[in-house]
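Reader: Could you take me through one part of this model up close? I'd like to hear about the cysteines, and then whatever you find worth telling about the fold around them.

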Amino acid sequence: QKAFDSACASKLATNKLIDILCMDREGPWFSYANGKPITTREVSNLLADFDITSKNLRFGTDLVLKGYELAQFEDAFARYVR
């Protein structure tokens, strides 16, 4: 939720989401796998437990990237984020 809030966005490309998560070098995502930042596959695997999957999102008129919409997280945020 903080990633969407900090970006003031209703959708985030997966690579942008990872960049935001890894900004905190002391946080768990910066050194998630053997001291390396979390990958797109690892994000996907973690979110699959909440039935959240990436999808093609349009940014501007020509750019389409895999990513996530804030609305996809509403149920998970309501249940687990306080």
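Author: Cys22 counts as buried, because its relative accessibility is just 11%. Cys8 is exposed, since its relative accessible area comes to 73%. Keep in mind that this is a predicted model.

So what about a bond? A disulfide is a covalent bond between the sulfur atoms of two cysteines. To be counted here, the two sulfurs have to lie within 2.5 Å. Start from Cys22: the closest cysteine sulfur belongs to Cys8 and sits 20 Å away, so that's too far for a bond. Start from Cys8 and you land on Cys22, again at 20 Å and again too far. The tally is therefore 0 disulfides, given that a pair needs its sulfurs within 2.5 Å.

On to the sheet. It's an open one with 3 strands, ordered S1-S3-S2, and the pairing is antiparallel. S1 (11-13) and S2 are the edge strands, each pairing on one side only. From one strand to the next, the twist averages 60°. Helix H2, residues 14-21, packs on this sheet and touches S1 and S3. The direction of H2 makes about 90° with that of S1.

Now zoom in on S2 and S3. S2 covers residues 55-59, S3 covers residues 63-69, and they pair in the antiparallel sense over 5 bridges. Two places to click on: Asn56 stands opposite Lys66 in S3, and Phe59 has Leu63 as its bridge partner in that strand. Together S2 and S3 make a hairpin with 3 residues between them. In that turn, Gly60 has a positive phi of about 75°.

Last stop, the nonpolar core. In soluble globular proteins, nonpolar side chains tend to be buried together. In this model the largest nonpolar core has 15 residues. Those with the most contacts inside it are Leu12, Leu17, Val43, Leu47, Ile52, Tyr68 and Phe73. Helices H1 (2-7), H2, H3 (40-48) and H4 (74-80) are the elements that give two or more residues to this core. H2 supplies the largest share, with 3 residues. That's the helix that packs on the sheet, touching S1 and S3.

For a closer look inside the core, pick Leu47. Setting aside neighbours within four places in sequence, Leu47 is in contact with Ile52, Tyr68 and Phe73. Those three are also listed among the residues with the most contacts inside the core, as is Leu47.

How values were computed. Residues are numbered from 1 along each chain as its sequence is written. This is a predicted model: local features need pLDDT of at least 70, side-chain atom pairs count only at pLDDT 80 or more; totals for chains, interfaces and linings use all residues. Side-chain values use heavy atoms; hydrogens and water are left out. Two strands pair if DSSP finds at least two bridges between them. Helices (H or I, at least four residues) and strands (E, at least two) are DSSP runs, numbered from the N terminus. Axes are lines fitted to C-alpha atoms, for helices over the stretch in contact, and angles run from 0 to 180 degrees between N-to-C directions. Contact means heavy atoms within 4.5 Å. Buried means under 20% relative accessible area, exposed over 50%, partly exposed in between (1.4 Å probe, protein chains only). A nonpolar core is a set of buried Ala, Val, Leu, Ile, Met, Phe, Trp, Tyr and Cys residues joined through side-chain atoms within 4.5 Å.
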